[in-house]
Amino acid sequence: MKMIVGKEIEQVCPQFVGAYIEAQVVNTAYCQPLWEEIHRLGEHYRATLTTEQLKEISGIAATRKVYRACGKDPSRYRPAAEALIRRVLQSKQLYQRDTLVDLINLASMAFGYSIGGFDAAKFVGDTLQLGVGREGELYEGIGRGFINIAGLPVYRDGEGGVGTPTSDHERTKINMETCRLAVIINGYDGHEKRVCENAEFVQALLRKYAGSDGGDYFLFR
């Protein structure tokens with residue numbers, strides 16, 4: 001897959017660094033050891049973090065800043081990492097989807113980066129470009145119906161939008177038949193070492209819980 005960061009994003013976030021991971025996987029409906037990890041992380045956050053401190057996590061703070069620069073209110077359209085950790089801090093139950101989605105959510109919460117997870121076989125073409133959503137651009141968020149992505153960073157394939165830091169698209173979503181997984185980590189804070197650590201953490205989770213060798217990843221900017 002070829003990854004392109006468009007000029008719209010370069011102008012508001014010249015330090016952006018992303019990671020693209022692709023791996024062969026076996027999905028399952030539920031994984032108890034994975035959820036034990038998720039619960040341990042939740043307990044740690046509830047003991048050490050407040051909802052106000054949450055906004056200061058590097059990856060979350062940088063994503064919120066980019067939202068504002070692109071014209072979107074990050075408190076109304078929360079980046080996924082922030083929304084997930086906020087639910088944990090409020091002692092709300094996290095949504096249980098399937099093993100691939102659940103492990104991506106864990107990786108997002110652990111590092112504070114919004115992470116897109118996709119069925120790679122559903123992409124149209126061999127290129128993903130990161131740009132900014134336009135007024136009137138149709139986009140069906142997973143479980144959200146059609147949402148207004150104007151002013152949101154968005155990845156587009158040959159057919160249109162597939163992922164934003166708030167919600168990925170129904171068209172390329174993961175399901176139980178997904179066997180080729182694509183994961184995108186969005187480092188709007190430009191912290192290359194941290195993004196690499198997050199990518200390696202995803203690979204470790206895939207080896208432990210998704211019958212995978214972890215696949216390969218590369219950085220893009």
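Visitor: Aspartate 98 caps the N-terminal end of helix 6, so to speak; how far does its side-chain oxygen lie from the backbone nitrogen of leucine 100?
Guide: This is a predicted model, in which local features need pLDDT of at least 70 and side-chain atom pairs count only at pLDDT 80 or more, while totals for chains, interfaces and linings use all residues. Residues are numbered from 1 along each chain as its sequence is written, and side-chain values use heavy atoms, with hydrogens and water left out. Helix 6 is a DSSP run, numbered from the N terminus (helices are H or I with at least four residues, strands E with at least two). At its N-terminal end, the capping oxygen of aspartate 98 lies from the backbone nitrogen of leucine 100 at 3.2 Å.

Visitor: Which residue just after helix 6 takes a positive phi?
Guide: The backbone that follows helix 6 has a phi of about 80°. The residue with this positive value is glycine 112.

Visitor: How many of the residues of helix 6 are buried?
Guide: Buried means under 20% relative accessible area, with over 50% exposed and the range in between partly exposed (1.4 Å probe, protein chains only). Among the buried residues of helix 6 are Thr99, Asp102, Leu103, Ser108 and Met109, and what covers the buried set includes helix 2, helix 5, strand 3 (115-119), strand 9 and helix 7. Helix 6 is therefore mostly covered, the count of buried residues being 10 of its 13.

Visitor: Which element gives the most to the largest nonpolar core?
Guide: A nonpolar core is a set of buried Ala, Val, Leu, Ile, Met, Phe, Trp, Tyr and Cys residues joined through side-chain atoms within 4.5 Å. The largest one has 40 residues, and Leu103, Met109, Ile185 and Leu206 have the most contacts inside it. Elements that give two or more residues include strand 2 (17-24), helix 2 (32-48), strand 9 (180-187) and helix 7 (192-209). With seven residues, the element that gives the most is helix 6.

Visitor: How many residues are in the second, separate core?
Guide: Apart from the largest core, there is a second one that includes Phe16, Ala120, Val162 and Tyr188. The number of residues in this separate core is 21.

Visitor: Phenylalanine 16 and tyrosine 188 form an aromatic pair; how many residues apart in sequence are the parts that the pair ties together?
Guide: Rings of Phe, Tyr and Trp (its six-membered ring) pair if their centres lie within 6.5 Å, with planes under 30 degrees apart counted as stacked, over 60 as edge-to-face and the rest as tilted. The structure holds six such pairs, and here the centres are 4.9 Å apart and the planes at 55°, so the pair is tilted. Phenylalanine 16 counts as buried at 3% relative accessibility, and tyrosine 188 does so at 0%. Because phenylalanine 16 lies in the loop between helix 1 (7-12) and strand 2, and tyrosine 188 in the loop between strand 9 and helix 7, the separation in residues is 172.

Visitor: Which backbone nitrogen does the side chain of serine 167 reach?
Guide: Serine 167 lies in the loop between strand 8 (161-163) and strand 9, and at 6% relative accessibility it counts as buried. Leaving aside neighbours within four places in sequence, serine 167 is in contact (heavy atoms within 4.5 Å) with Tyr139, Gly141, Ile142, Arg144 and Ile147. At 3.3 Å, the backbone nitrogen that its side chain reaches is that of isoleucine 142.

How values were computed: A polar contact is a pair of N or O atoms within 3.5 Å; within protein, one must be able to donate a hydrogen and the other to accept it, and residues adjacent in sequence count only if both atoms are side-chain atoms.
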